Amino acid sequence: MEFEQLRQLEAIAREGTFSAAAEALHTSQPSVSRSMRALERELGCELFSRTRNRVELNDEGRRALSHARAILAEERRMRDAFDEIARKKRTIHVVSVAPAPVWRLTAQVVGRFPGTILTSELVDDGREAERRLFDRSADIVITRRPLGLPNVACTPFMVENLFAYVRADDELASRTSVRAADLDGRTFLMSAEVGFWGDMVRRAMPNARFIEQNDPTVLAQLIRTSDLPGFVTDVSEFERSFGGEPDRVRIPIQDADAHATFYAVALLDAPQAVAAIVSALRRCGADTSAARSAVADFGAGGCERAGS
C-alpha cells in the first residue's frame, strides 16, 4: 500500500469520478484505475460500486476512505513537524549590543550560507547578551568584550567608529576631529535603535539633549530639514539607506569609547550551522585585525563629506 493510492482514493471520493480525480492529481485516468484495482486486491475486497458513467464508494470503500484520510492527516503532521525542525536548524538567532554588526553578519551569512535564516535582537547591555548565550535563547551573541571561557568560541568580528554628523556650515565642520566634550550641551537627533551607542553618548555628554526617532524614514527627513547635529558611524544604516546628505560632514570623535571592536561568540556545542558561521568569521580575522589597527590612525584624514 502506498500513500499515492490513498491520495487517489481520497480524490475519487472528493471529485466523484476516476477521470476527475486523475485530472486533480495531474495523472492519467488509466493509471488511477490500475492503482485502485491494485489497492482492492491488497485489501481483499471491492471498494467501489461501478456503473457505466460513475463510480461510488461502497461500505468497504467508505471505511477505507476513513482510514486513508486519517493516515494522510498523520503524514501531513509528520511532514510539518520535520519541516519545522529543518527550519529551526536553518534559523539562527543573533543577540547584539549594536545594530551594525548584525547588518554585517547578515550580509556575510547570506553570501556564504544560502538558505540560512538570521533573526536578530538588540540589547543595550553586554551582560544581557552573554546571559542570552548561556541560557541558549541566542545562538550567536555580538559583544564588545572577548569571552575567554573554555566552553565558548569567540572571534573578533568588526570595528565600528562613531562620527558627529553636522551641517557643512556648523562651527565644528572644519575640525579634523572632535571630542565628546566639544559636543556636550547640544541637542542631537538620534535613532532609538542604536544599542550601546546611545548609552555611550549619554555618558560622554551629560549636558546634551537627545531627540530619538524609532522610524528611520522620519529620522532621515529630520536630518535633511533640520540644523540639529546627529551621529553616524563608518557602517551607519542611515548612510547605507539614504546615501548621506551632501550638505553635512562627518567629523571623527576622538574619545576611546567612540571606537568599538565587536566579538562574535557562540557555545562550543552549538549546532553545526552556528559553528560553521563562527569558523568562517574566524577565517576573516585578518581583515578585522587590519581594521582594528586602523583605529589608531582614525581622525588623521580630517572631516569627511557625508556619503564619500
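These legends go with close-up views of aromatic rings in a predicted model.

**View 1. The protein chain as a whole.** Before zooming in, here's the backdrop: the protein chain has 12 helices and 12 strands. Of its 308 residues, 43% are buried. If you take contacts with a separation of 6 or more, 72% of them are between residues 24 or more positions apart. The accessible surface of the protein chain is about 16300 Å², and carbon and sulfur atoms supply 49% of that.

**View 2. Phe188 stacks with Phe210.** The model has six aromatic pairs, and this view shows one of them, a stacked pair made by Phe188 and Phe210. The ring centres are 5.8 Å apart, with 20° between the planes; that angle falls under 30 degrees, so the pair counts as stacked. Phe188 belongs to strand 7 (residues 187-191) and Phe210 to strand 8 (residues 209-213), so here's a link between distant parts of the chain, 22 residues apart. Phe188 is buried, with a relative accessible area of 0%. Phe210 is at 17%, and since buried means under 20%, Phe210 is counted as buried too.

**View 3. Phe196 meets Phe262 edge-to-face.** Swing over to another aromatic pair, Phe196 and Phe262, and the arrangement is edge-to-face. The centres are 5.8 Å apart and the planes make an angle of 70°; with the planes over 60 degrees apart, the edge-to-face label follows. Phe196 is part of helix 8 (residues 196-204), while Phe262 is part of strand 11 (residues 259-267), so this pair ties together parts of the chain 66 residues apart in sequence. Both rings belong to buried residues: Phe196 has a relative accessible area of 7%, and Phe262 comes in at 0%.

**View 4. Phe231 joins the Phe188 and Phe210 cluster.** Back to the stacked rings from View 2, now with another residue in frame. Ring pairs connect Phe188, Phe210 and Phe231 into a cluster. Phe210 also has a charged visitor: the charged end of Arg202 sits over the Phe210 ring, 5.9 Å from the ring centre. So what counts as sitting over a ring here? The CZ of Arg has to be within 6 Å of the ring centre and within 35 degrees of the ring normal.

**View 5. Arg250 sits over Phe163.** Here's another charge-over-ring arrangement to look at. Which ring does the charged end of Arg250 sit over? It's the ring of Phe163, with the charged end of Arg250 4.5 Å from the ring centre.

Methods. Residues numbered from 1 in each chain as written. Predicted model: local features only at pLDDT ≥ 70, side-chain atom pairs only at ≥ 80, totals over all residues. Heavy atoms only, no water. Phe/Tyr/Trp six-rings, centres within 6.5 Å; stacked < 30°, edge-to-face > 60°. Helix = DSSP H or I, 4+ residues; strand = E, 2+ residues; numbered from the N terminus. Buried < 20%, exposed > 50% of the residue type's maximum accessible area, 1.4 Å probe, protein only. Contact = heavy atoms within 4.5 Å. Areas by Shrake-Rupley, 256 points an atom, 1.4 Å probe, with all protein chains shown as cover.
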